[in-house]
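Trainee: I am new to this structure and should be grateful for a close look at a single part of it. Please treat that part at length and in a connected way.

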Amino acid sequence: LFSLTAFLHLIHPLARLYGRLHNGLGPWRGGNIGRSLPRPRMIAIWSERWQPPDQRLLSIEATLRGYGMAVHRGGDYDRWDLAVRRGMLGVVRLLMANEDYPAGKQLLRFRIWPLCQPGVPLLTLLFVSLSLWAALDRAWVACAILGGIAVLLVLGTLGECAVASAAALGALR
């Protein structure tokens with residue numbers, strides 16, 4: 001009975017991993033889009049074909065969902081129109097403004113900027129502080145582990161913002 005319980009405890013993470021990969025929840029989802037440097041951008045697009053702004057945002061949202069991104073619409077009082085997310089740590093927000101011209105033409109302006117979740121800098125600061133405290137105490141193994149966690153948080157946030165930024169740029173193209 002003890003060996004069966006130990007075997008089931010060992011196989012449980014593998015079964016969960018198999019289920020996630022089988023249903024498309026791998027860590028590389030959205031990875032076929034590529035990565036783009038997560039920085040604020042202003043993009044202007046000239047359109048020869050007029051389309052209502054709400055309809056255009058819906059088509060951008062559908063394209064982003066097709067890429068496998070989680071998309072959230074902004075409310076009436078938000079300062080953004082769409083929020084694109086790949087994971088839990090980072091998000092890219094998109095704001096659209098349009099100018100209508102005669103003969104059914106439009107100039108669309110988009111502002112894209114990355115953000116991290118509010119708790120991520122605080123959590124990173126906590127792990128850096130604990131790592132420094134461990135270094136002052138000459139606990140090098142604890143220092144390396146806690147510093148590594150802080151680095152992984154920063155790299156994870158940058159990676160998620162990079163994929164979401166590339167998805168937003170791809171949807172605008």
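In which loop is Ala103 found? From that place, please lead me into the helices and the core.

Mentor: The model is a predicted one, and the description that follows should be read accordingly. Ala103 is found in the loop between E4 and E5. With a relative accessible area of 70%, above the 50% limit, Ala103 is exposed. The phi angle of Ala103 is near 65 degrees, a positive value in a residue other than glycine. Most residues other than glycine have a negative phi. Arg138 also has a positive phi, of about 60 degrees, although it is not a glycine. Arg138 belongs to the loop between H3 and H4, and its relative accessible area of 67% makes it exposed.

The loop that holds Arg138 leads to the two helices on either side. Helix H3 covers residues 119-136 and helix H4 covers residues 140-172; they pack at an angle of about 160 degrees, and their axes are 8 Å apart. H3 and H4 are therefore roughly antiparallel to each other, and their crossing is left-handed. On the H3 side, the residues that meet H4 include Val120, Leu123, Phe127 and Ala134, while those of H4 include Trp140, Leu146, Ala150 and Val154. The residues of this contact of H3 with H4 comprise 15 nonpolar, four polar and no charged.

The strands on either side of the Ala103 loop lead to the core. The largest nonpolar core has 20 residues, and Ile60, Leu64, Leu82, Leu94, Phe110 and Ile112 are those with the most contacts inside it. Strand E4 (90-101) and strand E5 (105-116) are among the elements that give two or more residues to this core, as are helix H2 (53-66), strand E3 (82-85) and H4. H4 gives the most, with seven residues. In soluble globular proteins, nonpolar side chains tend to be buried together.

Two of these core residues deserve a separate word. Leaving aside residues up to four places away in sequence, Phe110 touches Arg41, Met42, Ile43, Ile45, Ile60, Leu94, Leu95, Met96 and Leu172. A second, separate core of six residues includes Leu89, Phe127, Leu146 and Ala150. Leu64 is found in helix H2, and its relative accessibility of 0% means that it counts as buried. Beyond residues up to four places away in sequence, Leu64 touches Met69, Val71, Leu82, Val84, Ala167, Ala168 and Ala171.

Leu64 also takes part in the packing of H2 on H4. The axes of these helices come within 9 Å and cross at roughly 130 degrees, which makes H2 oblique to H4. H2 passes H4 in a right-handed crossing. Ile60, Thr63 and Leu64 of H2 make the contact with Ala167, Ala168, Ala171 and Leu172 of H4. Its residues divide into six nonpolar, one polar and no charged.

One further loop residue completes the picture. Pro38 lies between helix H1 (2-22) and strand E1 (41-47) and is partly exposed, with a relative accessible area of 23%. Although Pro38 and Ala166 are 128 residues apart along the chain, their C-alpha atoms are separated by 8.3 Å. Residues up to four places away in sequence not being counted, Pro38 touches Pro114, Leu158, Cys161, Ala162 and Ser165.

How values were computed. Residues are numbered from 1 along each chain as its sequence is written. This is a predicted model: local features need pLDDT of at least 70, side-chain atom pairs count only at pLDDT 80 or more; totals for chains, interfaces and linings use all residues. Side-chain values use heavy atoms; hydrogens and water are left out. Axes are lines fitted to C-alpha atoms, for helices over the stretch in contact, and angles run from 0 to 180 degrees between N-to-C directions. Helices (H or I, at least four residues) and strands (E, at least two) are DSSP runs, numbered from the N terminus. Angles under 35 degrees count as roughly parallel, over 145 as roughly antiparallel, 65 to 115 as roughly perpendicular and the rest as oblique. A crossing is left-handed if the near helix is turned anticlockwise from the far one by less than a right angle, and right-handed if clockwise. Contact means heavy atoms within 4.5 Å. Ala, Val, Leu, Ile, Met, Phe, Trp, Tyr, Cys and Pro count as nonpolar, Asp, Glu, Lys and Arg as charged, and the others, Gly among them, as polar. A nonpolar core is a set of buried Ala, Val, Leu, Ile, Met, Phe, Trp, Tyr and Cys residues joined through side-chain atoms within 4.5 Å. Buried means under 20% relative accessible area, exposed over 50%, partly exposed in between (1.4 Å probe, protein chains only).
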